[in-house]
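Got your viewer open? Here is a short tour, one selection at a time.

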Amino acid sequence: MPETPASIRIAAAGCVTPFGNASATHAALLRGECALHALPVRGREGGDAVPLALLPGRDLDETAPPSWMAAVGALVEGLPSGDWGTPSRPVFVTGSNFGVGGLYALRRTGDPAFGVWGAPPTCTEELRRALGWGPNVSILSLACVSAHLGLLEATRLIHAGLAEEALVLSFDFLSPFVTGGFHALKILNSGFPAPYREGATGAIGLGDGAAYAVLSRDRGDWRLEGQSVFNEMHHFTSNRADGSGFSKCLDSVAGSTRGRKVWFKGHGTGTLDAGRMELDAAAKAFPEAPVVGWKGSLGHTLGSCGLVEMAVAIESIRTGSAPGTIGAGGAAMGPGVALAHFPTGPFDGVVCASNAFGGAHACLLLSHA
Amino acid sequence: MPDPLLARLKQLIVETLHLEDIAPSDIPDDEPLVGGGLSLDSIDALELVVRLEKEFGIKISSSEEAKSALSSVGALASFIRQRADPSRIGA
């Protein structure tokens, strides 16, 4: 595993979910609200009702241009002004699906307007032009750890002296292609997600989400340390049964937490095996850390989840209160799962973790600088 | 008397997963299908589930349900008998 880069500062961060911006999302999670609703898996074509969380006013079905463009535009309006997309201030655009629903819409309708949105390079180019960025825009995609990968690469670039600051944007908006795919894999069904809850069956929900972070070597109120991305290279859709993949990633950040008290923001989609393995690994690496997962409310925002949930973690530290695990009521998989919200004051920071298809794992330590 | 549903399922498994070196009669009734001697993985299981749903008109809604149904050919036959319309199972 490559050496973990030195710490980096977060000069600005934000997110948008069905609840609104980071502050509104954090407040909704504190109230225990759920953004997920039972909606037809194939949008206007119907199908089984599955738990989805869409931005207000947005339909699942694709449009050209995509209905989520306005939300991304509004999100980055809050960015510190700067010449983004230049060599000294590059942009990393990360996500799992980009506008892939456009390919399905193109095939269904034959309308070429969908085509440009269907592939990451052309989708990102449309976004770059719409947002007025320069040409230094890189695309990174590693399934549900895409955002972490963007943060890590931006950090390395800054520490190598190749950029003054960097913007990482991460987004994943649902479409019938994406929801249909997860439904076909039998992991998105009528059940609502209950992260870290013991049971006979697991279920996930999917949600819209986008977030950004501006990274800087020495400017900003928040610090990232111990960033790690690791791929256990075991199988496309399953992890090593001994959970060693989860542990290998968390062990790399455990060094940064030595002597410090942390809480743990887990990936926790609601699947059973991965939930158990993640909890076991977290308990070994951070024995005293309360564990929370928010996908029981927000749904899994796929490639953007690492950055969306990091933005909520920032709000948690800023306001002094971390939302508990939503949807897990009942018997939790382990004693470390925090079902209720708790004060973040006694803690030095939070370890934020994400996991992905293909056995990819990622984590970071977030603290107030 | 041999169970015709078991024989049909074994044939379906070999065909669906293109198991070239395995004859249907080689598949034991009670051996795990995934993680057993056939070396099937979760992708194979998914492919099998999709075929079974089409063949018998049943619905397997979660990965856990699939795992339980595919715990052996015998278990799969019981699962199908419980879920499928008898007319889809045949004699």
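Start with the two domains of chain A: the C-alpha centres of domain 1 and domain 2 lie 20 Å apart. Keep in mind as you look that this is a predicted model. To select them, use the domain assignment, which gives residues 8–216 of chain A as domain 1 and residues 222–368 of chain A as domain 2.

Next, go to where these domains meet. Here 61 residues of domain 1 of chain A are in contact with 57 residues of domain 2 of chain A. Which elements of domain 1 of chain A supply at least two residues each to the side that touches domain 2 of chain A? Colour the strands β1 (8–17), β4 (49–53), β7 (165–172), β8 (206–207) and β9 (209–216) of chain A, then add the helices α1 (22–30) and α6 (146–159) of chain A. Now colour that side of domain 1 of chain A by residue class: you should find 35 nonpolar, 20 polar and six charged residues.

Now move to chain B and show helix α1 (residues 4–16) and helix α4 (residues 73–83) of chain B. Their axes come within 10 Å and cross at roughly 115 degrees, so α1(B) is roughly perpendicular to α4(B). The crossing of α1(B) past α4(B) is right-handed.

For the last stop, turn on side chains. From α1(B), pick L5(B), L6(B), L9(B) and K10(B); from α4(B), pick V73(B), L76(B), A77(B) and I80(B), and you have the residues that make the contact. By class, this contact of α1(B) with α4(B) has seven nonpolar residues, one charged residue and no polar ones.

Terms used:
Residues numbered from 1 in each chain as written. Chains lettered and ligands numbered in written order. Predicted model: local features only at pLDDT ≥ 70, side-chain atom pairs only at ≥ 80, totals over all residues. Domains from an automatic or database assignment. Contact = placed C-beta atoms within 7 Å. Helix = DSSP H or I, 4+ residues; strand = E, 2+ residues; numbered from the N terminus. Nonpolar A, V, L, I, M, F, W, Y, C, P; charged D, E, K, R; others polar. Axes fitted to C-alpha atoms, helices over the stretch in contact; angles between N-to-C directions. Parallel < 35°, antiparallel > 145°, perpendicular 65-115°, else oblique. Left-handed = near helix turned anticlockwise from the far one by under 90°.
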